[in-house]
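Good morning, everyone, and thank you for making the time. Before I begin, please bring the structure up on your own screens, so that you can follow along as I talk.

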Amino acid sequence: MGIVVVDPVTRIEGHLRIEAELDATGTITRASSCGTMVRGIEKIMQGRDPRDAWAFTQRICGVCTTSHGIASVRAVEDALKIAIPENAEIIRNLMNGAQYIQDHVVHFYHLHAMDWVDVVSALSADPGETARLQQCMSPWPNNTTDHFAATQQKLRTFVETGQLGIFNNGYWGHPEYKLPAEINLLAVTHYMEALAWQRDIAKVHAIFGGKNPHPSFVVGGMPCAISTQDGVTAVNALALDRVGEIIAQARAFVDQVYISDLLAIARFYKDWATKGEGLGNFLSFGDFPQYDVNDESTFFFPRGAILDRDLGNVLPVDLNDTAQVQELISHSWYEYTAGKNAALHPYQGETTPRYSGPSNTYTNLDLDAEYSWLKSPRWRGYPMEVGPLARVLIMFGQGNEVVQETVNKVLAELKLPLGALFSTLGRTAARGIECKALADQMPVWYERLRGNIADGNGTVFDDSQFRPSTWPAQAQGVGFLEAPRGALAHWIVINSGRIGNYQAVVPTTWNAGPRDDNGLEGPYDAALRGHTLHDPQQPLEILRTIHSFDPCMGCAVHLADPEGGSLLTVQIQ
Amino acid sequence: MKQGLFAAKPLVNAPGCPPNPEVLTGTIAHYLAFGAVPELDDVLRPKVYYGRTVHDCCSRIEHFNNERFAFSFDDEGARLGYCLALLGCRGMTTRNACSSLKWNQGTSYPMYSGHGCIGCSEPGFWDKSDLYRDEGAMPDPNGICVAPPPSPIS
């Protein structure tokens, strides 16, 4: 019996702590995930011009850049009943889609892969054998012995100088690494290639939004007026051609590198298809309208909820229903006017910090009291997992043919049953499956945009309600978005042209929030229960499952001391 | 930040939300090549990157010089690349390299893609004024230069 603490969890975005209680066999009996950081974005929004909110809230996170920006403008557009031009809806789809593709590839290689790939083992691989493997696996052209030998030499130089650099502090040599040396070398080589490649998909944001991270948005559409003369503004014929090329290259990378590697690696870790999912509840707000954000039936990712793994029964979700989405703070460092036990819909949301944790260095948190800066979002009182697994399951359950075909193909290749989806491996495979589905859909949106422009419709922005003089005295609305990590929404209340209340409920809060006083655990905590650690000093098993959720903690915690008091001092030494 | 805790370590400010990565790598590369930080201004920003405003080298400068402004994000002027000063652009008071170095390996920058500069490398920029009601900014008569021709998206 003991407690394993992983703090900070690395290879994520933000600040996360996991405390896992073990029994005598090294098996986790209870896990608690704790958000150890706060900021103040929702409070900062109060009193400001609603049209500015996208710029501030987008800075909640630069990893999932665009996600909060789009959710924010959608919230204001919903409140003010602004309908945006079709081209703007398409461009937002292309930007969100590009975000997914970049994010999922980077997550797989640069955040998750090191849990499964032993970098040091790659040093003993045969580059020629690796090349032969690559030639069998996919048509990807970087498949020569020299190509893999070059990576191996680079790695060798790192290791021999004793400076592992980005590969420092890994659990290399841990017996739970199962891949042959050649696959390790293949994966490390693709890690390097992906690092270079991901800069290109980001250019979709730069073209339509000026830069990545943090492209520009605007309430009422998109600010990127399409150039009627070549070269005058960023979005001209040449740039649109470039977007088409980038999409094609992205599809090739996803198919021939990411998915190919995912399947190759998954084969060796089929024991991870039976653990890592403990809740059975899944939620998606839906996204990628084609092309009306108020018409759910056109969403590429459908909206819905699944309880108890009942795939055949996808339930409807209404973001305005105060009995559905609620935030609890039973074990969170906040207070509510109505008391600790209140469950608030975000229109009535409050984000008032009340820190009661340790004041200095500490060994363990008091898990019976408040222990996290994350709130506990609930849907009809249930904790819900959000993210790729939720989306793929909902699409599967609703009979989406492309997704069903891909899922069945993947399960057949890995010789796994449908139930394997409810696991760490399933979640990781779902990320790849939805990435491919999106990449394959991008050309459809792209061609629609080019067709509209060719037909003489290049409108991207509706000016008619941009000025506050056109707004009602009071308004409220919700802006949703399915971000790479899951269901996101911003709820806004506008009074006399200024923001009265602003609440963001973000994917990692759903997934990593603390348990509530009804005894219900969140997805992370439920997923870790039952994992047996081979070596508590090297909790690789915890990392494998936590990383499969792709934590984004900067999004999950969103409050700081409203008096502007300093909560943290950093000393540079 | 005006000075570090240790006088012996050089301090360079590279502001921006986020800072342009070429500014960061360029500063480090300069130090590695010459053993010294590049020339800094009075708030310790490298002059090579922060010496001019983004207005100085903006692709829309000729329109500014000839008082051709967009009045809306998608009107005829916007589609012709007219100046965004009336839509809240803070380029005239923002020192950074965005319009010369550009972003994402020379692909674009906010004004080129149609939205005004929000001034993200200037101190206190979040609280200066609302983004679209920038009553404080006046056109700077000295901010005139010949802009480089807009380059094709690479």
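I will go through the contact between the two chains, then chain B, then several parts of chain A.

Please keep in mind throughout that this is a predicted model, and that everything I say is computed from it.

Let me begin where the chains meet. In this model, 40 residues of chain A are in contact with 28 residues of chain B. On the chain A side, helix 8, which spans 203–209, and helix 9, which spans 237–266, each supply at least two of the touching residues, and the largest share, 5 residues, comes from helix 8 of chain A. If we sort the residues on that side of chain A by character, we find 19 nonpolar, 12 polar and 9 charged.

Chain B itself can be described briefly. Its secondary structure comes to 4 helices and 0 strands, so to speak of its order along the sequence is simply to read α-α-α-α. Of its 154 residues, 42% count as buried, and among its contacts between residues at least 6 apart in sequence, 60% join residues at least 24 apart.

Now to chain A, and to its sheets. One open sheet of 3 strands has the order 1-2-3, with antiparallel pairing. Its edge strands are strand 1, residues 2–6, and strand 3, residues 28–35, each of which pairs on one side only, and neighbouring strands in this sheet are turned by 15° against each other on average, if direction is ignored. Strand 2 of chain A, residues 16–22, is joined to strand 3 by 7 bridges, the two running antiparallel, and if you want a place to look, A:Leu22 has A:Ile28 of strand 3 as its bridge partner.

A further open sheet of 3 strands in chain A has the order 10-11-12, again with antiparallel pairing. Why is one side of strand 10 and of strand 12 left without a neighbour in the sheet? Strand 10 and strand 12, the latter covering 498–505, stand at the edges and each has a single partner strand, so one side of each has no neighbour there. Here the average turn between neighbouring strands is 15°, direction ignored. Strand 11 and strand 12 of chain A run antiparallel and are joined by 7 bridges, and A:Asn495 stands opposite A:Arg498 in strand 12.

Let me turn to a pairing elsewhere in chain A, that of strand 6, residues 325–328, with strand 9, which are joined by 4 bridges and run antiparallel. In this pairing, A:Leu328 stands opposite A:Ser376 of strand 9. As general background, side chains in a regular strand alternate between the two faces of the sheet. In strand 9 of chain A, residues 376–379, both faces are covered, with A:Ser376 and A:Arg378 buried on one side and A:Pro377 and A:Trp379 buried on the other.

In the loop between strand 6 and strand 7 of chain A you will find A:His331. Is this residue, A:His331, buried or exposed? A:His331 is buried, because 25 other C-beta atoms lie within 10 Å, and the cut-off for calling a residue buried is 20 or more. Leaving aside residues up to four places away in sequence, A:His331 touches A:Glu370, A:Tyr371, A:Ser372, A:Pro514 and A:Arg515.

Helix 10 of chain A, residues 388–397, deserves a look as well, since 10 of its 10 residues are buried, among them A:Arg391 and A:Phe396. The buried residues of this helix pack against several elements of chain A, including helix 11 (401–414), helix 12 (424–454), strand 10 (474–483) and strand 11 (486–495). After helix 10 of chain A comes A:Gly399, with a positive phi near 85°.

Finally, the core. In soluble globular proteins, nonpolar side chains tend to be buried together. The largest nonpolar core in this model has 195 residues, of which A:Leu94, A:Ile101, A:Leu283 and A:Ala489 touch the most other members, and its largest share, 13 residues, comes from helix 9 of chain A. Beyond residues up to four places away in sequence, A:Ala489 touches A:Ala71, A:Phe285, A:Leu319, A:Val478, A:Gly479, A:Phe480 and A:Val505.

Thank you, and I am happy to take questions.

Key:
Residues numbered from 1 in each chain as written. Chains lettered and ligands numbered in written order. Predicted model: local features only at pLDDT ≥ 70, side-chain atom pairs only at ≥ 80, totals over all residues. Contact = placed C-beta atoms within 7 Å. Nonpolar A, V, L, I, M, F, W, Y, C, P; charged D, E, K, R; others polar. Buried ≥ 20, exposed ≤ 12 C-beta atoms within 10 Å, placed from the backbone. Pairing = 2+ DSSP bridges. Axes fitted to C-alpha atoms, helices over the stretch in contact; angles between N-to-C directions. Core = buried A, V, L, I, M, F, W, Y, C linked by C-beta atoms within 7 Å.
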